[in-house]
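Please open the structure in your viewer and keep the selection tool at hand, because each stop on this tour begins with something to select.

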2 protein chains.
Amino acid sequence: MSILVVGSMAFDTIRTPFGEAPEVLGGSANYFSVAASFFTDVRLVAVVGEDFPDQHLDFLRGRRVDIRGLERVPGKTFRWAGEYGHDFNEARTLDTQLNVFADFTPKIPEDYRDSEVVFLANIDPDLQRDVLRQVRRPALVAADTMNYWINGKPDALKQTLAGVDMLIINDAETRQLAKDSNLVRAARTIQGWGPRILIIKRGEYGALLFGEDGWFSAPALPLERVQDPTGAGDCFAGGAVGYLARRMRFDTATLRQAMIVGSVMASFNVEAFSLDRLRTLTTAEIDERFQAFKRLVHFDDLEM
Amino acid sequence: MSILVVGSMAFDTIRTPFGEAPEVLGGSANYFSVAASFFTDVRLVAVVGEDFPDQHLDFLRGRRVDIRGLERVPGKTFRWAGEYGHDFNEARTLDTQLNVFADFTPKIPEDYRDSEVVFLANIDPDLQRDVLRQVRRPALVAADTMNYWINGKPDALKQTLAGVDMLIINDAETRQLAKDSNLVRAARTIQGWGPRILIIKRGEYGALLFGEDGWFSAPALPLERVQDPTGAGDCFAGGAVGYLARRMRFDTATLRQAMIVGSVMASFNVEAFSLDRLRTLTTAEIDERFQAFKRLVHFDDLEM
């Protein structure tokens, strides 16, 4: 089934110990859409300026991404500049220019409104709720958020969460949102606000699923070559939610597979700057890496 | 088969956000021995002062720990005081009094010298090598170390590593020892110095095994109740090495099971101050938690 995704499109300038990539394609909706497009059709709602290149629109169109919901308005596209140190776990923001993204008001095209799966990328929780008002009974609403909204708009965020089935955030955000340093208690608190499924991303340490009937720990694949972690979280979400939309099943077994698919997509994405690795990625490579995750965690029953 | 362990016995004073435990039993050899004793016989070489309580010696004797190698000398037992914040990932050392541990020179009793498995807990690498000179052809030598020795005695440590089959350290120590921020490359560097097996402990994120034929990722069980993380790493090592000594097999499948057994023992140990949780722990509880780890990471093959 199709996924509707609402989020940002950006030009990122990335510095890492291994090089610099100036003005490369980024943005949560961009990473999410491309990752999800390996599994299902994607409907994209976002905004770009006049400087956004046609060649990227062609790339998205060529990848099962419906971009009729992508507004192109006068002005410049959102720009972000960030730097990573050797540990790659956290970006230091060097510059943010919201540009046309500052006035983004998501308008969901009429024939997107029946989307059965919705992903609300990290935008103002009031806008996220505005999107939910425009769609008709999706089977699954997944969302992301960030510390900026957790601190700045906690009440609006909680109102949004009441309409969210699956929240996908990182561990620091989980603790901050629930005001609890213990992840198990924090997860329970957040699940009490609406999301019956909480997925906690932990970067190089993998991801945790807190579901209705149990927990699941997805490992991260140890990688020798990490060039740029930007967008890894959105690629994780794109892979996981894209897989769920493909299967249209949200039971425990499928959620676990989706967590691994998300981890697979994130593990590929960090191998190159921007989403360049996804440009050449094949489904055979996805299958193969899924098996590598399987081998990574397999162990036999206890023998005493 | 019996394990010979050489390390420290201590009185720890622990402060956490949930309370303080003054002068409780600690020390690497203590935690290791008790955890390992659930799986095999343990021969302990360490030193304590005159203030070390008989009741603890009785406890060790009651738990398959041979303490004929435990020296009791004039003076006070090693004392350590530390504090944990809410995230529990790192202790802040408040006070260290080496006392009788300052002059510790391990003397391996004659009938310990044929031990087939040896664990060198975190002590001076020169002393670790001195232990290896006193034993006869063990089938497996496992060792721990810490930043103090990595910085202070790098050459002695490397000489020791040449005689070690399995190094069990944390991720920060791995990066520091190999002088490489990438764990995969760091592991390969360290394996080149001797240890064919490297186990990297990552606290609440689990542990990684870099073996001769592949990698394994052991999760950590999300825990709602963490009272005191002191000794978790030594309990992990005790469980893992204890299990290997019980099985006397060091193949990939057994190493993976051992990683989970280690994780199980660590997960119990953090539930109470000192090693109090291990005092009441049963093998049925160990079996049950091993199954919980199995459920935590299980996922089905990819269905597209």
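The tour visits two sheets, then helices that lie on one of them, and finally a pair of helices.

This is a predicted model, in which local features need pLDDT of at least 70 and side-chain atom pairs count only at pLDDT 80 or more, while totals for chains, interfaces and linings use all residues. Residues are numbered from 1 along each chain as its sequence is written, and chains are lettered from A and ligands numbered from 1 in the order in which they are written.

**The sheet of four strands**

Select residues 19-26 and 91-97 of chain B, which are the edge strands E3 and E7, each pairing on one side only. They belong to an open sheet of 4 strands with mixed pairing, in the order E3-E2-E6-E7; strands are DSSP runs of E with at least two residues, numbered from the N terminus, and two of them pair if DSSP finds at least two bridges between them. Now add residues 10-16 of chain B, strand E2, which pairs with E3(B) in the antiparallel sense over 6 bridges. Which residue of E3(B) stands opposite B:Phe11? It is B:Leu25.

**The sheet of nine strands**

Next, select residues 65-72 and 214-218 of chain B to find E5 and E13, the edge strands of an open sheet of 9 strands in the order E5-E4-E1-E8-E9-E10-E11-E12-E13. At one edge, strand E12 (residues 207-211) of chain B pairs with E13(B) in the antiparallel sense over 5 bridges, and there B:Phe210 stands opposite B:Trp215.

Select residues 183-191 of chain B, helix H7, which packs on the sheet and touches E10, E11 and E12 of chain B; residues count as in contact if their C-beta atoms, placed from the backbone, lie within 7 Å. Helix H2 (residues 54-62) of chain B lies across E4 and E5 of chain B.

**A pair of helices**

Finally, select residues 232-247 of chain B, helix H8, where 16 of 16 residues are buried, that is, have 20 or more other C-beta atoms within 10 Å of their own, C-beta atoms being placed from the backbone. After H8(B) comes B:Met248, with a positive phi near 50°.

Add residues 28-36 of chain B, helix H1, whose axis comes within 7 Å of that of H8(B) and crosses it at roughly 40°; axes are lines fitted to C-alpha atoms over the stretch in contact, and angles run from 0 to 180 degrees between N-to-C directions. Among the residues making this contact are B:Tyr31 and B:Phe32 of H1(B) and B:Gly238 and B:Val241 of H8(B).

Terms used:
Contact = placed C-beta atoms within 7 Å. Buried ≥ 20, exposed ≤ 12 C-beta atoms within 10 Å, placed from the backbone.
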